[in-house]
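Me: I am new to this structure and would love a close look at one part, the sheet in chain B. Could you walk me through what it is built from and what lies against it?

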Amino acid sequence: MSGEAPFTIEQFYRFVSEKKLMGAKCNECGKILLPPRPICPKCLSRNLSWVQLKNRGKLLTYTIIHVAPERFQSMAPYALGIIELEEGVRLLGVIQGVRHEDLRVGMSLEVDFDTNVPASPAWPPWPRYFFKLRRE
Amino acid sequence: MRGKPLAAVVSAGLSKFGRRDGFSGRELFAEAALEAFERCPNLDPKRDIDALIIGNMSESFEHQCHLAPIMSDWAGLLPAPSIRVEAACASSGAAIRYGLFAILTGLYDVVMVGGFEKMTHRTTAEATEYLAMASDFPFEQWNGATFPGLFALMATAHMHRYGTTEEQMALVAVKNHHNGTLNPKAHMQREVTIEQVLSSRVIAKPLKLFDCSLISDGASCAILTRPEIARKYTDTPIYIVGSGHGTDAIGLYERDSLTSLDATKRAAKEAYEMAGLGPDDIDVAEVHDCFTIAEIIAYEDLGFCKPGEGGKFIESGASTLNGELPVNTSGGLKAKGHPVGATGVAQLYEIYLQLTGQAGGRQVDGCEVGLTHNLGGSGATCIIHIYRR
């Protein structure tokens, strides 16, 4: 079923609401597209499939945001990082539950999901993923 | 095409940068245009200027789209055709490039390029929100990224990989604030010390308030002509001899490197090759110091020093006014200010002053070759130009 879903941002976040981290995989060259998109940027193929990514990665870099945008102000200061997933693709997100002084480049993190989206008429209706310490 | 003059710059103008209460973008642009006209009495703007290409980032600040006809009108250029180009903070760098292309087609002899942004009437929260629109909405803005945050991610990676320090970043602010004190049009005209930078409040660790450029109001313009007719208008033209444009993925996380910007490296390669020049030939440069780490990374990507040695480069004093390669003699985005859409042409304005010996107390003696480096967003766009006397 998921193989037929459109390769859109909207669909990516629909999967997030099902607590699944999904990327598109190019069936021609094997590249994983994250964000998903309708055309493989490497070989231009449109022969794609949705694949579920393992939620595991390593922290490549991080910051602590003190001056936050409006919708994040209640969380500030918060940690933000870029992780590289085991599949080799990268993702930016908030890091939760790690003391800021314990953050280290290279530490193991996992992706989790906050699917508790308050009902609101405002666009977009997307849930969020976030990163947390990996439990071995 | 190697080393050949592609277009001449026969005049340039810049509004005072800073908090310009009571003025709108169009009035600031008129102020910049007027300076360019006054510098070039042989030019009749209405008769001679064939077109206007204007850079501006965001219609949100003044609730105004369809900006190009307004700027053309307020500069007295109607009915010259005009168009706005947008590439986030590289919008007017892009205006230079497309002005150059317009000249190179042979369709136009004289083109005005420029840029403006009116920002300070908005709250910091509003300005931050509008600026953040230059990053990716679904994967960066939606997940808590800010612009200082994205450059802070690069700073952490650079510190981790190369041992770059917060003190080295602070030196960029100290240098550019010093240069700003010598520029009467700069937003900030006040020295800062390393200690002040290091003890200023954290915006996005490791970047502090004094690592960040300013939210400013301002406008800039320059008049480009075919090289062959430049001397009709002025005895002291400068020439654009190289132009480069790099484009990369919008998301920082999507790019191969977190410590270097491919868009800068590609734009630099194109511009250097076109000019038949290399980094060693540059006498003076204006680089995009939206955050102090950005200037350090620019040194490396432009080939002013080796990868990873940008911190040592600022420490060596090489980029100070009296150094071997003065960088951001205007005060840069850090002290001169960063009305985003105006920045690319404001960099050209500084190089124009330097190469024509009009830079006053910050004049670099005997400079012949200048470079401008203008970034859009977190580095998805980079526009570079090289100029000769």
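Reply: Happy to! Two strands pair if DSSP finds at least two bridges between them, and strands themselves (E, at least two residues), like helices (H or I, at least four), are DSSP runs numbered from the N terminus. This is a predicted model, where local features need pLDDT of at least 70, side-chain atom pairs count only at pLDDT 80 or more, and totals for chains, interfaces and linings use all residues. Residues are numbered from 1 along each chain as its sequence is written, while chains are lettered from A and ligands numbered from 1 in the order in which they are written.

Let's start at one bridge: Val284(B) has Gly370(B) in E10(B) as its bridge partner. Three bridges link E9(B) with strand E10 (residues 369-376) of chain B, and the two run parallel.

Now step back to the whole sheet. It is open, has nine strands with mixed pairing, and follows the order E3-E2-E4-E7-E1-E8-E11-E10-E9 (chain B). Strand E3 (82-85) and strand E9 (284-286) of chain B are at the edges with a single partner strand each, so one side of each has no neighbour in the sheet. On average, neighbouring strands are turned by 25° against each other, direction ignored.

What packs on this sheet? Helix H4 (residues 91-104) of chain B does, touching several strands, among them strand E1 (7-14), strand E2 (51-55) and strand E4 (110-117) of chain B. Contact here means C-beta atoms, placed from the backbone, within 7 Å. The direction of H4(B) makes about 170° with that of E4(B); such angles run from 0 to 180 degrees between N-to-C directions, with axes fitted to C-alpha atoms, for helices over the stretch in contact.

Elsewhere in the chain, helix H7 (residues 166-181) of chain B packs against helix H11 (residues 292-301) of chain B at about 95°, with axes 8 Å apart.

Technical notes:
Contact = placed C-beta atoms within 7 Å.
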